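Visitor: I should like to learn how to read the features of a protein model. May we take them one at a time?

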Amino acid sequence: MFVCLVAVCVVCLWTGFINVRMRLEIRSLCLQLAELEQGSHMELTVLSRQKALLTLCRAMNRVLAFRDRTHVQYEASQKQMQRNITSLAHDIRTPLTGACGYLQLAQECPEPEKQDHYLQCAGSRLKELEEMLEEMFLYTKLTSEEFTLSRKRLQVSPLLGDCLLGMYGAFQEKGVSPQVDFEVEGFTIQGDAEALRRVFLNLIQNALVHGTGGIAITQRGDCLIFENPVENTEGLNLDLIFERFYKGDTARRKGSSGLGLYIVRELTHRMGGDVHVELEAGNLRITLCFPAAKHNSHQ
């Protein structure tokens with residue numbers, strides 16, 4: 001009987017010791033969590049070797065590590081957003097300020113010929129602004145998961161011809177001509193006409209604004225290749241060229257919002273195609289491939 005009583009006392013003492021130690025460990029964890037609330041980035045620790053408490057501590061550290069990573073990513077995205085907003089504000093202000101300046105000159109100038117010239121320049125700046133706003137509006141639509149494109153069979157050559165004809169003034173101003181070479185005259189794809197038109201216009205505009213010469217457009221198999229010479233090849237990062245708001249031109253030339261090639265990639269992907277870029281011998285080559293148009297190779 002005495003032995004049993006001693007055994008019960010020992011068990012009770014051991015249980016009490018374990019309970020007190022557990023309470024102390026929990027209190028220590030609470031104190032550590034309080035320090036984390038004050039901005040500390042330490043890792044939670046426990047002295048106990050009890051499996052349940054160790055498992056709890058590791059789980060809490062994983063949650064805290066995930067929180068820290070999420071917070072860092074959020075701060076980085078916020079800073080990037082601020083930079084993007086600043087960049088867009090600058091891009092919008094540039095043509096708007098230019099247009100206002102030319103309109104003021106037109107109002108103050110008594111000579112009709114100069115007035116017409118100033119008004120044309122103001123119209124050109126407003127056209128740049130309109131195109132940038134259209135890209136920004138399309139960008140907001142592309143960020144929505146609900147935005148979809150209808151696909152139907154499209155003949156590419158006439159649509160591309162319309163885009164080139166619409167840019168005739170820009171080609172004439174730069175003193176260059178586009179070169180077009182289709183191995184299949186009736187080349188077709190499954191896509192959306194307006195989306196494909198925007199892709200073509202953005203690629204042509206990119207070549208005219210950032211290139212140093214004309215543009216060559218070639219169709220081979222199921223792919224369309226847009227190629228143009230560029231001057232500042234060292235400033236181009238091909239890994240980022242299709243990212244939103246990317247600008248390889250640090251001089252911030254006119255007519256660029258940094259969204260053009262991002263929109264090209266997104267619209268091409270949504271039409272079931274793919275796009276990739278290469279830089280060879282000073283020429284920037286952007287290739288659009290449409291797997292759904294395999295029947296073209298047999299025409």
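**A disulfide, a sheet and a cavity**

Guide: Let us begin with the cross-link: the structure holds one disulfide. Please bear in mind that this is a predicted model.

Visitor: What is a disulfide, and which residues does the disulfide join here?

Guide: In general, a disulfide is a covalent bond between the sulfur atoms of two cysteines. In this model, Cys223 is joined to Cys289, with an S to S distance of 2.2 Å. The link of Cys223 and Cys289 is right-handed, with 100° about the S-S bond.

Visitor: Which parts does the pair tie together?

Guide: Cys223 belongs to strand β5 and Cys289 to strand β7, so the pair ties together parts that are 66 residues apart in sequence.

Visitor: Those strands bring us to the sheet. In what order do the strands of the sheet run?

Guide: To read a sheet, one follows the strand order and then the sense of pairing. Here five strands form an open sheet, ordered β2-β4-β5-β7-β6, with mixed pairing. At the edges are β2 (179–182) and β6 (274–280), each of which pairs on one side only. On average, neighbouring strands of this sheet are turned by 15° against each other, direction ignored.

Visitor: How many bridges link β2 and β4, and in which sense do they pair, parallel or antiparallel?

Guide: The pairing of β2 with β4 (residues 216–220) is parallel and extends over four bridges. As one case, Val180 has Ile217 in β4 as its bridge partner.

Visitor: Which helices should I consider alongside the sheet?

Guide: One reads a helix against a sheet by its contacts and its direction. Helix α4 (residues 156–166) lies across β2, β4 and β5 (223–229), and runs at about 175° to β2. Helix α7 (residues 260–270) also packs on the sheet, where it touches β6 and β7 (283–289). The direction of α7 makes about 140° with that of β6.

Visitor: I turn now to internal space. How many cavities of 30 Å³ or more are counted?

Guide: The count comes to one cavity of 30 Å³ or more. The largest cavity has a volume of about 30 Å³.

Visitor: Which residues line the largest cavity, and which elements supply them?

Guide: The lining consists of Leu203, Asn206, Phe226, Asn228, Leu284 and Ile286. At least two lining residues come from each of α6 (193–210), β5 and β7.

Visitor: How many of the lining residues are nonpolar, polar or charged?

Guide: Four are nonpolar, two are polar and none is charged.

Notes
Residues are numbered from 1 along each chain as its sequence is written. This is a predicted model: local features need pLDDT of at least 70, side-chain atom pairs count only at pLDDT 80 or more; totals for chains, interfaces and linings use all residues. Side-chain values use heavy atoms; hydrogens and water are left out. Two strands pair if DSSP finds at least two bridges between them. Axes are lines fitted to C-alpha atoms, for helices over the stretch in contact, and angles run from 0 to 180 degrees between N-to-C directions. Contact means heavy atoms within 4.5 Å. On a 1 Å grid over the protein atoms alone, a cavity is a set of points where a 1.4 Å probe fits but cannot get out, and a pocket is an open set with protein on both sides within 12 Å along at least five of seven lines; lining residues have an atom within 4 Å of a point. Grid points are joined across faces, edges and corners, and a volume is the space filled by probe spheres set on the points. Ala, Val, Leu, Ile, Met, Phe, Trp, Tyr, Cys and Pro count as nonpolar, Asp, Glu, Lys and Arg as charged, and the others, Gly among them, as polar. A disulfide is a pair of cysteine sulfur atoms within 2.5 Å.
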